[in-house]
Amino acid sequence: MRRTAFLCLALACCFVLRAQEPAAPTCAGRIVAAAELERTGVEAWFGVSALDDATFARMQGRSYRDGCPVPRGELRHVRVLHVDFAGAIRTGELVCHRSVADDLAGIFRELYEAGYPIERIELVDRYDGDDERSMAANNTSAFNCRRIAGTTRLSRHALGTAVDINPLYNPCVAVRNGRTVVQPEAGAPYADRSRPFPGRIDRDDLCYKLFRSRGFAWGGDWHSLKDYQHFEKR
């Protein structure tokens, strides 16, 4: 009886201690207080690692579907910090191909240090791999094993070499069968690029300059359609 009571007490103490520990940096969307940043240093919140079992499990049947052309070992988990549109510092995470992982970690580090606003950076699995839902939430994301909307071709996101930045404010605009299609649909007010608004990506924007400096192409430069949120590397 005494041993059982002791074990119960030890477990209870363990849970209390764990509850007092700061949340893991990989918990996307968590606000990081200035005092915590001062204690840990910024470097601790940025990193590139192989996919652990827990992250890969989150992706199953969502962003990582049957027939995905990229094996797990080629993907990387990227941890970052970002500043949201209210000025709060938050944690973020992306999954991408290993060939662009260091590029993305470096770009997001520079965007963070510049105070560049990004609404959220969560895995698209948070939205069950639904690209429209993720974009409508203005979620910045990278890997998602899916086809290009309206086609049978795999997106560069399926290869892990593309990223969409603040997609609600930087929608994809295309003309199909004489009709203008905006994705996400909620991004229609931001399809007009003639007016300024926070988060708008153009050629004078820091985000554009950083991605281009590392060899990424911008969807806003395309002629067949304009995908203002999209950067990819081949």
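Q: How many residues of the lining of the largest pocket are nonpolar, how many polar and how many charged?
A: In this predicted model, the lining of the largest pocket divides into 10 charged, 8 polar and 7 nonpolar residues.

Q: How much space lies in the largest pocket, and which residues are the closest to its centre?
A: The largest pocket holds about 500 Å³ of space. Its lining has 25 residues, of which Ile 148, Ala 149, Trp 222, Leu 225 and Asp 227 are the closest to the centre.

Q: Which helices and strands supply at least two residues each of that lining?
A: Helix H5 (131-136), E5 and strand E9 (230-232) each do so. The largest share, 3 residues, comes from H5.

Q: E5 also belongs to a sheet; how should the strand order of that sheet be read?
A: As a general idea, the strands of a sheet pair through backbone hydrogen bonds, in either a parallel or an antiparallel sense. Here the order E6-E5-E8 describes an open sheet of 3 strands with antiparallel pairing. Strand E6 (179-183) and strand E8 (226-227) stand at the edges with a single partner strand each, so one side of each is left without a neighbour in the sheet.

Q: Which residues stand opposite each other along E5?
A: Strand E5 (residues 172-176) is joined to E6 by 5 bridges. Arg 176 stands opposite Arg 179 in E6, and Val 173 has Val 182 of E6 as its bridge partner. Towards E8, 2 antiparallel bridges are formed by E5, and Cys 172 stands opposite Asp 227 in E8. Asp 227 is also one of the residues closest to the centre of the largest pocket.

Q: What is found between the strands in the hairpin of E5 and E6?
A: The hairpin has 2 residues between its strands, and Asn 177 takes a positive phi near 55°.

Q: What is the strand order of the sheet that contains E1, E2 and E3?
A: This open sheet of 3 strands has the order E1-E2-E3, with antiparallel pairing. Strand E1 (47-50) and strand E3 (89-97) are its edge strands, each pairing on one side only. From one strand to the next, the twist averages 25°.

Q: How many bridges pair E2 with E3, and which helix packs on the sheet?
A: Strand E2 (residues 75-83) pairs with E3 over 9 bridges in the antiparallel sense. Within this pairing, His 82 stands opposite Arg 90 in E3. Helix H4 (residues 98-113) packs on the sheet and touches E1, E2 and E3. The direction of H4 makes about 160° with that of E3.

Key. Residues numbered from 1 in each chain as written. Predicted model: local features only at pLDDT ≥ 70, side-chain atom pairs only at ≥ 80, totals over all residues. Heavy atoms only, no water. Pairing = 2+ DSSP bridges. Helix = DSSP H or I, 4+ residues; strand = E, 2+ residues; numbered from the N terminus. 1 Å grid on protein atoms, 1.4 Å probe; cavity = no way out; pocket = protein on both sides within 12 Å on 5 of 7 lines; lining within 4 Å. Points joined across faces, edges and corners; volume = space filled by probe spheres on them. Nonpolar A, V, L, I, M, F, W, Y, C, P; charged D, E, K, R; others polar. Axes fitted to C-alpha atoms, helices over the stretch in contact; angles between N-to-C directions. Contact = heavy atoms within 4.5 Å.
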